[in-house]
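Work through the exercises below with the structure in view. Try each task before reading its solution.

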Amino acid sequence: MPPTETTASSGTGPASQEATARRFTAGVLPLLAEADLLDSPAGWGAAATPAGAFRLEPVRPGRDLELLTGWMNDPEVAAYWELDGSAAVTAAHLRTQLDSDGRSIPCLGLLDGSPMSYWEIYRADLDPVSGHYPARSHDTGIHLLIGDGTNRGRGLGGTLLRTVAELVFDNRPRCTRVIAEPDIRNTPSVSAFMNAGFRYSAEIDLPEKRAVLMIRERALRNLL
């Protein structure tokens, strides 16, 4: 057995423990943070929908930045996300999530293997939004934009929102509610959430917008 393997498996001295701690922190801690906070969306798998097989895949800026920048500069998206501009604008937005402790995970939504939407899955009870409504432990929030205009206006948003809410409930046993806070002006988005079984709970004033608090309850998932 090579010496490096012997040291890694059987060393107990301070140097070995320090090396193990460094490997743990650098390689494993971000994954543990994600698993603890959001139960690893990367491993949630695919779900069948009437439109095809859908799955979430965590964003990789080196691969996805150009695509996401194009979506953010679509006028219909920019009107509510307000992230139009250069790739640096999109990169800075992603960095705030990717460099954090895992309480928000930016993802691509793939339909039959093709990226067509952008999602943010986040711990709403640990987010500033929790100060604007009666949050419960493990409330999970979702943000969505459909990047390709050809996929808008035909009910796909509601289908995907329902699908992702079900993925959350299936994979986050401690979560009893999925919440969202679309801009109150974004009538198509609010309608899509309602079609996906979310209820119009309240109107709330957030720093960047007046929003509708939408809630989907685990207890009612088979009734709505």
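**Exercise 1. Find how confident this predicted model is, overall and by region.**

Step 1. Start with the whole chain. Its mean pLDDT is 86, and 83% of its residues reach 70 or more.

Step 2. Go to the elements. Helix α1 (residues 3-10) has the lowest mean pLDDT, 34. Strand β6 (residues 177-180) has the highest, 98.

Step 3. Look for low stretches. Over residues 1-12 the pLDDT is below 50, and this stretch has 6 contacts beyond near neighbours in sequence. Residues 14-35 also have pLDDT below 50. Their stretch has 18 such contacts in the model.

**Exercise 2. Lay out the sheet and find its edges.**

Step 1. Read the strand order. The 8 strands run β1-β2-β3-β4-β5-β6-β8-β7 in an open sheet with mixed pairing.

Step 2. Pick out the edges. β1 (47-49) and β7 (199-206) each have a single partner strand, so one side of each is left without a neighbour in the sheet.

Step 3. Add the twist. From one strand to the next, it averages 30°.

Step 4. Check one pair. Strand β5 (residues 140-146) pairs with β6 in the parallel sense, over 2 bridges. The bridge partner of T140 is V178 in β6.

**Exercise 3. Place helix α6 against the sheet and test its length.**

Step 1. List what α6 touches. The helix packs on the sheet, in contact with β1, β2 (52-58), β3 (104-111), β4 (114-123), β5, β6 and β8 (209-217).

Step 2. Get the angle. The direction of α6 makes about 45° with that of β4.

Step 3. Test the length. Helix α6 covers residues 156-171, which is 16 residues. At 1.5 Å a residue, α6 should span 22 Å. Its end C-alpha atoms are 22 Å apart, which agrees.

Step 4. Find its buried residues. Among them are L156, L160, L161, V164, L167, V168 and F169.

**Exercise 4. Which elements build the largest nonpolar core, and which gives the most?**

Step 1. Recall a general tendency. In soluble globular proteins, nonpolar side chains tend to be buried together.

Step 2. Size the core. The largest one has 32 residues, and W119 and I142 touch the most other members.

Step 3. Name the contributors. β2, β3, β4, β5, α6, β6, α7 (187-195) and β8 give two or more residues each. α6 gives the most, with 8 residues.

Step 4. Look elsewhere. A second, separate core has 11 residues, including V59, L83, L108 and Y118.

Conventions: Residues numbered from 1 in each chain as written. Predicted model: local features only at pLDDT ≥ 70, side-chain atom pairs only at ≥ 80, totals over all residues. Heavy atoms only, no water. Helix = DSSP H or I, 4+ residues; strand = E, 2+ residues; numbered from the N terminus. Expected span 1.5 Å × (residues − 1). Buried < 20%, exposed > 50% of the residue type's maximum accessible area, 1.4 Å probe, protein only. pLDDT = per-residue confidence, 0-100. Contact = heavy atoms within 4.5 Å. Pairing = 2+ DSSP bridges. Axes fitted to C-alpha atoms, helices over the stretch in contact; angles between N-to-C directions. Core = buried A, V, L, I, M, F, W, Y, C linked by side-chain atoms within 4.5 Å.
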